[in-house]
Protein chains: 2
Amino acid sequence: MFKKESFQPVQSTKLVDDVVHQIQQQISAGKFKPGDKLPPEPELMQLFHVGRSTIREAIRVLVSAGLLEKRQGIGTTLKANTIIQEPLTQRLHRAKLIEVFEARKMIDIEISRLAALRRDDNDLSNMRKHLDAREMALQQNDREQYARSDIEFHMAIAIASKNAVIIDLYRTFSQVLSDAMNQLNLNYRTHDPQSQYHEQVYESIKQGDADQAVKWTLEILNRTLSEL
Amino acid sequence: MFKKESFQPVQSTKLVDDVVHQIQQQISAGKFKPGDKLPPEPELMQLFHVGRSTIREAIRVLVSAGLLEKRQGIGTTLKANTIIQEPLTQRLHRAKLIEVFEARKMIDIEISRLAALRRDDNDLSNMRKHLDAREMALQQNDREQYARSDIEFHMAIAIASKNAVIIDLYRTFSQVLSDAMNQLNLNYRTHDPQSQYHEQVYESIKQGDADQAVKWTLEILNRTLSEL
DNA sequence: AAGGGGAGATCATCTGATGTTTAAAAAGGA
DNA sequence: TCCTTTTTAAACATCAGATGATCTCCCCTT
């Protein structure tokens, strides 16, 4: 008897994916030059023998990927320099650890500043929750839980900044940094004497005092950096 | 006579983009856990007060970005992969313009600070060169050359920061922002009365005064932000 | 020469209808 | 009771039609 798990469902080709791939291939093959106009939607419907919504979803995907540009009343055009970008995580893995650290420090500081200006009650209660869990784990000497809570606390600050781009940047940098330091058998934020600073950061954000929040965040970061 | 600069085109946010931003925000803020199901299409229609095709296009964008997973008969679920394997440019294309701007502001400031601390003679001469070219273009009313020199000047500052990760971030953010603002028929850094501030930034960096460099960079940025 | 006003092209959005896929409930048989 | 089959409901996939919004272009008037 075969294991069911060893099989995968046949690639059920959705029409939209098919259209996306075909257009993408045409672009990759250089059939279009930057600035060239794609056929209008009704024509694409005939060319691909699909409905309007299928065409529109396919085009929308390529627009969001940055390959095409759509303008009402004008049409759809091919954008210039479709340079192949690598994922940020890959880029960071290639980078010097100190550079990644420095960049994350920049993000950390801005996050604290924005959080102090924008936090709402929900943000504060989340931060408080993780801060308490962090303290608890510290007293019980639960390194695992401590590390988790510490990350969650900082993530809660990030979320309070209300800027999705910065949140994503912070998440990516922290993840890569954590991986890299584990690999080097370095402890990633597992030093106990910082509880006071974390409390200070929380209080500053709660008070809405951006300058103080930045100041205490810097205190934490400078201590972590010294271990590198 | 009214100043042209005092007007701004009406921000015509397409419904699909709005829906994408809202869902992205929820995901980035961690409101969903991996595996969580999104409400079905009819419910989303009611929640957002838009038609089904609008919902479908928005979901399709996030699926193509790798954040969501759609299965016929099942529904739409949040993908497990927390760290998105997605080029940064693509992520920025999906973001709200104001969020990208805010993040680049953060980078710009840190770059000025680091440049003041780390610039060498070569950096300074490069900055001087582009600053002169910028001034020259301004007097000759060569908008094209002015824009190019302005970007080069700021890029020279970035390079002086000596952090490759931050340089790459800055380049990516600037490019995406430039594209986006061009598309909105907004001028991207083409206001003349800032020459003094650019000179101040250069002088501060030359003196190695990080605080002053940040201060004057903020002056420039606050003026650009006011146009958004 | 400047501005007004269509006409046409093209995308944006909504709505209704029908087909497919999936999971789970219901039914049936041993 | 347990296993298999059938049915049903949920949810996405796709198409078609209609209306609105936006942009370019051209012609006309002043």
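Helices (H or I, at least four residues) and strands (E, at least two) are DSSP runs, numbered from the N terminus. Keep that in mind as you work through this predicted model.

**Exercise 1.** Find which elements each supply at least two residues of the surface near DNA strand C.

*Solution.* Start with chain A, where α3, β1 (68-71) and β2 (75-78) qualify. Then turn to chain B, which adds α1 (15-28) and α3 (52-64). Finally, look for the top contributor: α3(B) gives the most, with three residues.

**Exercise 2.** Identify the residues that come nearest to DNA strand C, then look at its polar contacts.

*Solution.* Among the 24 residues around the strand, the nearest are K70(A), L15(B), G51(B), T54(B) and Q72(B). Sugar and phosphate make up 67% of the strand C atoms that come within 4 Å of the protein. For a phosphate contact, take L15(B): a polar backbone atom of this residue is 2.7 Å from a phosphate oxygen. For a base contact, go to R52(B), where a polar side-chain atom lies 2.9 Å from a base nitrogen of DNA strand C.

**Exercise 3.** Now describe how the protein meets DNA strand D, beginning with the classes of the residues near it.

*Solution.* Sort the residues first: six are nonpolar, ten polar and six charged. Next, locate the phosphate contacts. A backbone N or O atom of L15(A) lies 2.7 Å from a phosphate oxygen of strand D. From chain B, K70(B) places a polar side-chain atom 2.9 Å from a phosphate oxygen, and a side-chain N or O atom of R56(B) is 3.0 Å from one.

Terms used: Residues numbered from 1 in each chain as written. Chains lettered and ligands numbered in written order. Predicted model: local features only at pLDDT ≥ 70, side-chain atom pairs only at ≥ 80, totals over all residues. Heavy atoms only, no water. Polar contact = N/O pair within 3.5 Å; in protein donor to acceptor, adjacent residues only side chain to side chain. Nonpolar A, V, L, I, M, F, W, Y, C, P; charged D, E, K, R; others polar. Near = heavy atom within 4 Å.
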